[in-house]
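Hi,

Here is the model I said I would pass on. Have a look at it first, and then read my notes underneath.

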Amino acid sequence: MASSIRVRAISNGDITEVQTLIQHPMDTGLVKDAKGELIPAHFIQQLTFECNGKDVFVADWGTAISKDPYVKFSFKGARKGDDLKISWTDNKGGSDTITAKIA
Amino acid sequence: MKARIALVLGSVSAALVALIIASPRVIAADKIDPAADAKAFQNFFFQKFPDVKREDFVNGPYSMNADMKRQWQEKEEFPPYEFALDAGKEMFATPFRNGKSYADCFPNGGIGIRQNYPYFDEKEGKVVTLELALNRCREANGEQPYSYVKDEMASLTAYMAFTSRGKPMDIRIPDDPRALAAFENGKRYFYTRRGQMNFSCASCHVQSPGERIRAEILAPALGILNAMPIYRSEWSGMGTTSRRFVTCNSQTRAVPLEPQADEYRDVEYFLSYVANGLPISGPGARP
């Protein structure tokens, strides 16, 4: 099974631009399935980007985030070749982690 | 009484005259010339949108609106169909339980052949689409067919389209009256108004590409299938050509046909043929 996280981190001088796509249903708990039964809530609660032992981006998410979320941001202080660790945890105890090299 | 008879006779003869006048036109319409149709179809769009590059029509609404195009180009750096594409690649490479695989069902192992679909099967006497061929391949190898509209089918066609990106659409119409009839039937389906809204496919995609329909921008019919399958943000997921036809029908409040019904196969044949020469751009992303 391939990772649920896709990441691209590109260093451009002082600034590192990060793009991430995460595969997750992000069910709100308000939608019914074809049989009319509620689909239980299932969403990412916390998403963390860590670089050189330091959190550079932490998001506390709820049900208002779309399915398969896309995140883009940039930060200062990283160099080419540094590790960027991305992890998420959801309300059902699921989680995933990936480490990418900054290019 | 006499006057009434005269009136009836008069209208009968008027009807006869109308029939006589109309009949040469019927004969003219019987002559099916797909090559001329394709040329006229393409020229219509090239003249209507002289600023759009020819190969750009396959990018649907993005060829019509600079603002949307910029957003899409940024999105393409990290396309939303990527997960489906990877899943499709894996599925395509995974053998069936009998040890055979999709590659055994297609010419060139299924790689780089999207531009040749749909084709006219002279044995069956009907149009065969890529989605149909994939499910037939599964059934021939003792597997259950997939749903035609999304998920696995969209992933598989996404991968097959991806391996064919940039290749010009190359649909052939064999010298077979049934193939010409299929083309003509697809053309008729495309231009026939239906549903509560009384829309034909052409009402939106020939008359009004680039115009807004609520918040969306209509795609040109030329090359519209070259981008299939698509990730639609509105669907939060992938959809196949079948899904696009079905939802187009229901949005005009017509009753959709079953996916891969003869009419859908024929309209796919027609639309693909008139886009001959334009590059495959699928899988695509649409709002």
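Below is what I found, going from chain A to the contact between the chains and then to chain B.

One thing to keep in mind from the start: this is a predicted model. Chain A has an average pLDDT of 92, and 98% of its residues score at least 70. Within chain A, confidence is lowest in β1(A), with a mean of 91, and highest in strand β3 (residues 44-51), with 96. As a general caution, coordinates should not be read in detail where pLDDT is low.

**The sheet in chain A**

Chain A has an open sheet of three strands, in the order β1-β2-β5, with antiparallel pairing. β1 and β5 (70-76) of chain A are at the edges with a single partner strand each, so one side of each has no neighbour in the sheet. On average, neighbouring strands here are turned by 15 degrees against each other, ignoring direction.

Start with the pair β1(A) and β2(A): these two run antiparallel and are joined by eight bridges. Arg6(A) has Leu21(A) of β2(A) as its bridge partner, and Arg8(A) stands opposite Gln19(A) of β2(A). The hairpin formed by β1(A) and β2(A) has two residues between the strands, and Gly13(A) in this hairpin takes a positive phi near 70 degrees.

On to the pair β2(A) and β5(A), which is antiparallel too and has seven bridges. Gln19(A) turns up again here, opposite Lys72(A) in β5(A).

Which side chains of β2(A) are buried, and which are not? They alternate along the strand: Thr16(A), Val18(A), Thr20(A) and Ile22(A) point to one face and are buried, whereas Ile15(A), Glu17(A), Gln19(A) and Leu21(A) point to the other face and are not buried.

**Where the chains meet**

Nine residues of chain A and seven residues of chain B make up the contact. On the chain A side, the elements that give two or more residues are β1 (5-12) and β2 (15-22). By class, this side of chain A has three nonpolar, two polar and four charged residues.

**Chain B**

Chain B has 10 helices and seven strands. It has 287 residues, of which 36% count as buried. If you take the contacts in chain B with a separation of 6 or more, 73% of them come from residues 24 or more positions apart.

Two helix pairs are worth a look. The first is α4 (residues 82-93) with α6 of chain B: their axes come within 7 Å and cross at roughly 90 degrees. That angle makes α4(B) roughly perpendicular to α6(B). From α4(B), the residues in the contact are Ala84(B), Leu85(B), Ala87(B), Gly88(B), Lys89(B), Met91(B) and Phe92(B), and from α6(B) they are Glu152(B), Ala154(B), Ser155(B), Leu156(B), Ala158(B), Tyr159(B) and Phe162(B). They divide into 10 nonpolar, two polar and two charged.

Try centring your view on Leu156(B), which is found in helix α6 of chain B. Is Leu156(B) buried or exposed? It counts as buried, because there are 27 C-beta neighbours inside 10 Å. Leaving aside residues up to four places away in sequence, Leu156(B) touches Gly88(B), Met91(B), Phe92(B) and Leu134(B). Leu156(B) and Met91(B) are 65 residues apart along the chain, with their C-alpha atoms separated by 7.0 Å.

Next comes helix α5 (residues 130-140) of chain B, where Leu130(B), Glu131(B), Leu132(B), Ala133(B), Leu134(B), Asn135(B) and Cys137(B) are buried. The elements covering these buried residues include β2 (126-128), α6 (151-162) and α9 (241-251) of chain B. Gly142(B), just after α5(B), takes a positive phi of about 75 degrees.

The second pair is α7 (residues 177-191) and α10 (residues 262-274) of chain B, which pack at an angle of about 95 degrees with their axes 7 Å apart. α7(B) and α10(B) are therefore roughly perpendicular to each other. The contact includes Phe183(B), Tyr189(B) and Phe190(B) from α7(B), and Val267(B), Phe270(B) and Leu271(B) from α10(B). By class, the contact of α7(B) with α10(B) has nine nonpolar, two polar and three charged residues.

Cheers

Methods
Residues are numbered from 1 along each chain as its sequence is written. Chains are lettered from A and ligands numbered from 1 in the order in which they are written. This is a predicted model: local features need pLDDT of at least 70, side-chain atom pairs count only at pLDDT 80 or more; totals for chains, interfaces and linings use all residues. Two residues are in contact if their C-beta atoms, placed from the backbone, lie within 7 Å. Helices (H or I, at least four residues) and strands (E, at least two) are DSSP runs, numbered from the N terminus. Ala, Val, Leu, Ile, Met, Phe, Trp, Tyr, Cys and Pro count as nonpolar, Asp, Glu, Lys and Arg as charged, and the others, Gly among them, as polar. A residue is buried if 20 or more other C-beta atoms lie within 10 Å of its own, exposed if 12 or fewer, and partly exposed in between; C-beta atoms are placed from the backbone. Axes are lines fitted to C-alpha atoms, for helices over the stretch in contact, and angles run from 0 to 180 degrees between N-to-C directions. Angles under 35 degrees count as roughly parallel, over 145 as roughly antiparallel, 65 to 115 as roughly perpendicular and the rest as oblique. Two strands pair if DSSP finds at least two bridges between them. pLDDT is the predictor's confidence in each residue, from 0 to 100.
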